[in-house]
Amino acid sequence: MSQITSFFNQIFQSFTILSAIDILIMTFIIYAIIRLIKGTQAEQVAKGIIIILVITQVSDWIGLVTVNFVFKNIITVGLLALLIMFQPELRKMLETIGKTNVKHLKDIFMEKDLDSPSVAVDQIVESVSALSKTKTGLLVVIERQVPLDDVVETGVKLDSLLSTELLNNIFQYATPLHDGAVIINSETLRIRAAACLLPLSQNKNLSTSIGTRHRAGIGISEHSDCVSLMVSEENGVISYAIGGKLSRFVGERGIRRILTEILIKEPSHKNGKSKILRRKNSDGKK
Ligand SMILES: Nc1ncnc2c1ncn2[C@@H]1O[C@H](COP(=O)(O)OP(=O)(O)OP(=O)(O)O)[C@@H](O)[C@H]1O
C-alpha cells in the first residue's frame with residue numbers, strides 16, 4: 001500500500017504546467033488520429049496494432065519470454081510493413097497537415113454535423129442563390145408544426161438528405177421532378193417529397209402579375225405554419241411567403257434571415273408556434 005502511495009506522490013510532485021500541456025497536446029493528437037482513421041481500413045489495422053502492443057507489454061510484465069520475443073519482432077517488422085502498406089495514406093495525411101492553415105485547423109478536431117440546422121440553412125440558401133442566378137424556377141416549402149402529409153401525397157416521396165446539389169437538380173427544367181414543390185421538414189431537415197401540388201391562394205388582393213408558382217407558395221402558407229420559398233423563372237427574383245403574406249425581392253440575405261429564424265433561432269418543434277407567425281397574425285394579416 002505504501003508503495004502505491006509513494007508512486008502517486010512521485011507523480012504529483014513531478015507534475016507541472018508543462019506536463020498538463022504535454023498531456024493536452026497528446027490528447028488532441030490521438031483524437032485527431034482517431035477522427036482521421038474512423039470508418040476506414042486503417043481503423044481495423046490500428047485495433048490490431050493496439051492488441052499486439054498490449055500482448056507485448058503484458059508478456060513482458062509477467063515474464064512470458066518467448067511470447068514477448070515473438071511479439072517484439074512482429075512490432076519491428078510490422079512497422080516497416082505498415083509504412084509500405086499505408087504509404088499513399090501517410091503521404092496524403094502529411095500533405096493535408098502541411099496545407100492546413102489556422103482557420104481550418106478546427107475542422108480536424110471538430111466534426112461538421114451534416115444534419116445540423118445551420119448546414120441546412122447554408123444548403124437551401126446556396127441553392128436559392130444559384131437557381132436565382134440562372135433564372136430557374138424554385139418552390140420549396142418548409143414544413144413546421146402543421147403536418148403537410150396531404151401535400152406530400154400529391155408528389156413523389158423522397159425522404160432524402162438535404163443538399164444543394166439535390167435541390168438544384170430537382171428544379172432543373174425538363175427533369176421529371178422540376179414541376180411543383182419540394183417539401184422539407186424543419187425537424188428532420190430531410191426532403192420529404194418533390195413535385196408536390198399546392199393549393200393556390202384565393203386572396204383577391206394579390207397583384208395580377210403574381211403567377212401560379214407564387215400563388216401556390218402563398219396558398220400553402222395560408223393553410224399552415226409553413227414557410228414557402230420561391231425563385232421566379234421569369235426574372236430570378238427571390239421571395240418567401242409566411243402566414244399568407246408574400247415578401248418579394250428579399251434576396252439571398254432575406255432567405256437566410258427567415259431560415260435562420262425558423263430553423264435555428266426558434267425551431268417550431270421546440271417552441272411551439274413561431275413568433276414570426278404570431279406577430280404576423282396579430283397584425284391582422286392573414
Ligand atoms: N399548384 C401548384 N403547386 C405546385 N407548384 C405549382 C402550382 N402551380 C404552379 N406551380 C409551379 O409553377 C410553375 C409555373 O409557374 P408560372 O410561370 O405560372 O408562375 P409564376 O409565379 O409566374 O412563376 P415564375 O415567376 O417562376 O415565372 C409550374 O411549372 C409549377 O412548377
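This note sets out points on a predicted model, beginning with the ligand site and moving on to annotated spans, salt bridges and backbone angles.

1. **Surroundings of the ligand.** The ligand is surrounded by 16 residues, and those that come nearest are Asp179, Thr212, His214, Ser232 and Glu233. Sorted by class, this shell consists of seven nonpolar, five polar and four charged residues. Helix α10, which spans residues 212–223, supplies the largest share of the shell, with four residues.

2. **Polar contacts to the ligand.** Three residues may be inspected here. Asp179 places a polar side-chain atom 2.4 Å from an oxygen atom of the ligand. Arg213 likewise uses a polar side-chain atom, which lies 2.9 Å from a ligand oxygen. Gly180 makes its approach through the backbone: one of its N or O atoms is 2.9 Å from an oxygen atom of the ligand. On its own the ligand has 630 Å² of accessible area, and the protein covers 77% of this.

3. **Spans annotated as transmembrane.** An unreviewed UniProt entry assigns the feature "transmembrane region" to residues 12–33 and to residues 45–63. In the model, residues 12–33 are 91% helix and 0% strand, with 29 Å between the end C-alpha atoms. Residues 45–63 are 95% helix and 0% strand, and here the end C-alpha atoms are separated by 27 Å. The annotation comes from the UniProt entry, whereas the helix content and the distances are computed from the model.

4. **A salt bridge within helix α3.** The structure contains seven salt bridges. One of them joins the side chains of Glu43 and Lys47, with an N to O distance of 4.0 Å. Both residues belong to helix α3 (residues 41–62) and are four residues apart, about one turn of the helix. Glu43 has a relative accessible area of 22%, so it is classed as partly exposed. Lys47 is also partly exposed, because its relative accessibility is 46%.

5. **A salt bridge between exposed residues.** Lys157 and Glu153 form a salt bridge through their side chains, at 3.0 Å from N to O. Both Lys157 and Glu153 are exposed.

6. **A salt bridge beside the ligand.** Glu233 is paired with Arg213 in a salt bridge whose closest N and O atoms are 3.6 Å apart. The pair connects distant parts of the chain, 20 residues apart: Glu233 sits in the loop between β5 (227–231) and β6 (238–242), and Arg213 sits in helix α10. Glu233 counts as partly exposed because its relative accessible area is 41%. Each partner also appears at the ligand site: Glu233 is among the residues that come nearest to the ligand, and Arg213 has a polar side-chain atom 2.9 Å from a ligand oxygen.

7. **A salt-bridge network.** Glu143, Asp149 and Arg192 are joined into one network by salt bridges that share partners.

8. **Positive phi angles.** Two residues other than glycine deserve a check of their backbone. Lys135 is not a glycine, yet its phi is positive, at about 50 degrees. Lys135 is located in the loop between α7 (117–133) and β1 (138–143), and its relative accessibility of 44% is why it counts as partly exposed. Ala195 also has a positive phi, near 55 degrees. Ala195 lies in strand β4, which covers residues 190–196.

Notes. Residues numbered from 1 in each chain as written. Predicted model: local features only at pLDDT ≥ 70, side-chain atom pairs only at ≥ 80, totals over all residues. Heavy atoms only, no water. Near = heavy atom within 4 Å. Polar contact = N/O pair within 3.5 Å; in protein donor to acceptor, adjacent residues only side chain to side chain. Areas by Shrake-Rupley, 256 points an atom, 1.4 Å probe, with all protein chains shown as cover. Nonpolar A, V, L, I, M, F, W, Y, C, P; charged D, E, K, R; others polar. UniProt positions renumbered as here; feature names shortened; annotations may be inferred. Buried < 20%, exposed > 50% of the residue type's maximum accessible area, 1.4 Å probe, protein only.
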